[in-house]
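Here are some worked exercises to go through with the structure open beside you. Try each task before reading its solution.

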Amino acid sequence: MRIVIAEDLVLLRDGLVRLLTAHGHDVVAAVGDGPALVAAVVEHRPEIAIVDVRLPPSQRDEGLRAALEARQLVPGTPVLVLSQYVEESYAAELLADGAGAVGYLLKDRVADPSDFVDQVIRVAEGGTAIDQEVVRQLLARRRADDPLDQLTPREREVLELMAQGLSNAAIAKRLVVTDGAIEKHVTNIFGKLGLHTSAGGNLRVLAVLAWLRVD
Amino acid sequence: MCAAAAPVILHPVLRRIATLPLTATPWLDLAYISLGLASGIFALTFVFVGPFLSIMLIITLIGIPKLLLDVWITQWWANGERLRAGLAGVPIPLSRRRWRGETLFQRVRSALTDPMTWRELVWLILLFGVGTASFVVGVTAASVGLGFLTLPLWAWSLPDDGVQIGVTTIHSVWAMIAVAIVLGPPLTILAAWVLRGSALAQAKLAQALLEGEEQERITELQVSRAGAVDAAAVELRRIERDLHDGAQARLVALAMEIGMAREQLASDPEGAAELLAGAHEDAKTALVELRELARGIHPAILTDRGLDAAVSALAARCPVPCTVAIALPRRLPAAVESAAYFTIAEALTNVAKHSGARRCAITGAIEHDNLVIEVTDDGRGGVREGGGSGIAGLRGRVEALDGRLLVVGPEGAGTLLRAELPCGS
């Protein structure tokens, strides 16, 4: 897979290149700031861009801005944003265009290289990868009479994994149950939360996240 | 109920009105307006030989230092006026303003842009008129009151034997005694109140002009506090940046390397060992970075061993050879120690980075309840406050503690940085 990386700290940039190369991917460009990222995406048309939120020169959310700009110039480019901190609003901005193929993960996730690469592949294939911390933040700030209270602990677990962007098969594998069991849980969850969508994949993630963000 | 209560309420009021002449108040009022007359005459003289003359002399340049002296005298005099108002029962807090600035001109400018300076000057000019008016009113009233009360005692000295009261003239001593008894007390009470009024009018006017000091002090404190808050926010941002770019990033890299090593352990033990060696190095570097960062936030040695030891440790790390002579009789408040430490640290950073000095000396001592620290070097001088030298930040830190910072660095002649920090006692 052809990958562009934007990360200003050389230590982490080199680490990411080594990690992805070790897993058989091809890092076609590794840059250190926002404008260089946009240029690299336009030039290389990568299968995915992995971007640090905080990049020079502004050292604020330059990386996110540049990633969104690159996605406008080369529509459909999958973007995985890495961040030292969890900010739900960053995830919301990424998801805003509803096109999918976005990810928002804590930098810490690179500590488990295989899982990390799995998520990179998921985003590159048009899926969604939302950090479990973001999902937890969304789940934490709930109201008193919350429909979520009607969920069983297992259903809650399934909801969290759905919000992170996992497919039914992946959830089943994670929880060590059959696909059929997960499908049943998903139907129950949608029923209890009043979500009427039979859509799979990216649209399902968006629906769940939207439900969690609103109200 | 009401009928019974009314005299109880009325009685003390009447008594207060009637007994005013028997208290010390009229005498204090008399002293107040008499001193006011004297002060007013001298103040008017001062205004002419002082500030007015200075402004005339400004063209000869002698006017500028003289102006600073005049401003000091004005403040000093106004403080006398504030104390005097206490005689009339209107206490005005004394002013302890200091005009900051590195050059004489800056200090004069700071003194002349201080609104209180002008208000004090206005008071000194008004004092002659106001003082004369209240003296005339007050002393006349006092003379009439006391005069009637003591009529029989001095009537003999009048040339024409007979005292004219209204339309009648009285001659007999008994009539005079009767007049003194009947008219004396009410007129004396009236006189005491007129005296009170004239003194109070003057003192209130003085208060209106010379107070407000509190408010100015609060504004000044707010400014210096805002400076301190800014300095703290900048400092926090720096710490966050250092953590983000340093230890945090290194730990992420470390976790990643260990993760990769774990995955490779079975398939590629040699590669795994290499990754672990890298991770080991990263871990050690992260430790060093965290230690440096913690020291930058607050050095442990400063808490444990005090300023001398902490500054000696700083000097030992400075690439320019430094001598340290800090003699303090006791431990100082933590805020003062910390401000002194970081001032010296910043000064040494400047010495190492910009000065090109070969030698540097650090001294610290208590002078008049101030901790005075000085950092001198023999470098190229020419320090500019704006040029990223961190001096503006230091000034904020020092002034937040009511201290003063002085940086003298003529081009080519070394640099002296002097900080005075009040440390109470």
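**Exercise 1: a strand and its partners**

Strand β3 (residues 48–52) of chain A pairs with β4(A) in the parallel sense, over four bridges. Keep in mind that this is a predicted model.

Task: find which residue stands opposite A:Leu80, and which residue is its bridge partner in β5(A).

Solution.
- Step 1. Start with β3(A): here A:Ile50 stands opposite A:Leu80 of β4(A).
- Step 2. Now turn to β5(A), where the bridge partner of A:Leu80 is A:Gly103.
- Step 3. Put that pair in its setting: strand β4 (residues 79–83) of chain A and strand β5 (residues 102–106) of chain A run parallel and are joined by five bridges.

Task: which residues of β4(A) point one way, and which the other way?

Solution.
- Step 1. A:Val79, A:Val81 and A:Ser83 point one way.
- Step 2. A:Leu80 and A:Leu82 point the other way.
- Step 3. Check burial, using the cut-off of 20 or more other C-beta atoms within 10 Å. Five of the five residues of β4(A) are buried, so by that cut-off the strand is mostly covered.

**Exercise 2: the sheet of chain A**

Task: write down the strand order of the open sheet in chain A, then say which strands are at its edges.

Solution.
- Step 1. The sheet has six strands, in the order β2-β1-β3-β4-β5-β6 (chain A), and the pairing is parallel.
- Step 2. The edge strands of chain A are β2 (26–31) and β6 (128–130), each of which pairs on one side only.
- Step 3. For the twist, neighbouring strands of this sheet are turned by 20° against each other on average, direction ignored.
- Step 4. Add a helix: α4 (residues 88–95) of chain A packs on the sheet and touches β4, β5 and β6 of chain A. The direction of α4 makes about 165° with that of β5(A).

Zooming out, chain A has ten helices and six strands. Of its 215 residues, 42% count as buried. Take the contacts in chain A between residues at least 6 apart in sequence: 62% of these join residues at least 24 apart.

**Exercise 3: the sheet of chain B**

Task: what is the strand order of the open sheet in chain B, and what is the pairing?

Solution.
- Step 1. Five strands line up as β3-β4-β5-β7-β6 (chain B), with mixed pairing.
- Step 2. β3 (322–327) and β6 (404–408) of chain B each have a single partner strand, so one side of each is left without a neighbour in the sheet.
- Step 3. Neighbouring strands of this sheet are turned by 10° against each other on average, direction ignored.
- Step 4. Look at one pair: β3(B) and strand β4 (residues 360–367) of chain B run parallel, joined by six bridges. Within that pair, B:Ile326 stands opposite B:Gly364 in β4(B).
- Step 5. Helix α11 (residues 307–317) of chain B packs on the sheet, touching β3 and β4 of chain B, and its direction makes about 175° with that of β3(B).
- Step 6. Helix α13 (residues 391–399) of chain B also packs on the sheet, touching β6 and β7 (415–422) of chain B. The direction of α13(B) makes about 150° with that of β6(B).

**Exercise 4: two helix pairs in chain B**

Task: why do α12(B) and α13(B) count as roughly antiparallel to each other?

Solution.
- Step 1. The axes of helix α12 (residues 334–355) of chain B and α13(B) come within 10 Å and cross at roughly 165°.
- Step 2. Angles over 145 degrees count as roughly antiparallel, and α12(B) and α13(B) are therefore roughly antiparallel to each other.
- Step 3. The crossing is left-handed.
- Step 4. At the contact, B:Ala339, B:Phe342, B:Thr343 and B:Glu346 in α12(B) meet B:Leu394, B:Arg397 and B:Val398 in α13(B). These residues divide into four nonpolar, one polar and two charged.

Task: now do the same for α2(B) and α5(B): at what angle do they pack?

Solution.
- Step 1. Helix α2 (residues 25–57) and helix α5 (residues 115–149) of chain B pack at about 150°, with axes 7 Å apart.
- Step 2. α2(B) and α5(B) are therefore roughly antiparallel to each other, and their crossing is left-handed.
- Step 3. By class, their contact has 16 nonpolar, eight polar and one charged residues.

Definitions and conventions. Residues numbered from 1 in each chain as written. Chains lettered and ligands numbered in written order. Predicted model: local features only at pLDDT ≥ 70, side-chain atom pairs only at ≥ 80, totals over all residues. Buried ≥ 20, exposed ≤ 12 C-beta atoms within 10 Å, placed from the backbone. Contact = placed C-beta atoms within 7 Å. Pairing = 2+ DSSP bridges. Axes fitted to C-alpha atoms, helices over the stretch in contact; angles between N-to-C directions. Parallel < 35°, antiparallel > 145°, perpendicular 65-115°, else oblique. Left-handed = near helix turned anticlockwise from the far one by under 90°. Nonpolar A, V, L, I, M, F, W, Y, C, P; charged D, E, K, R; others polar.
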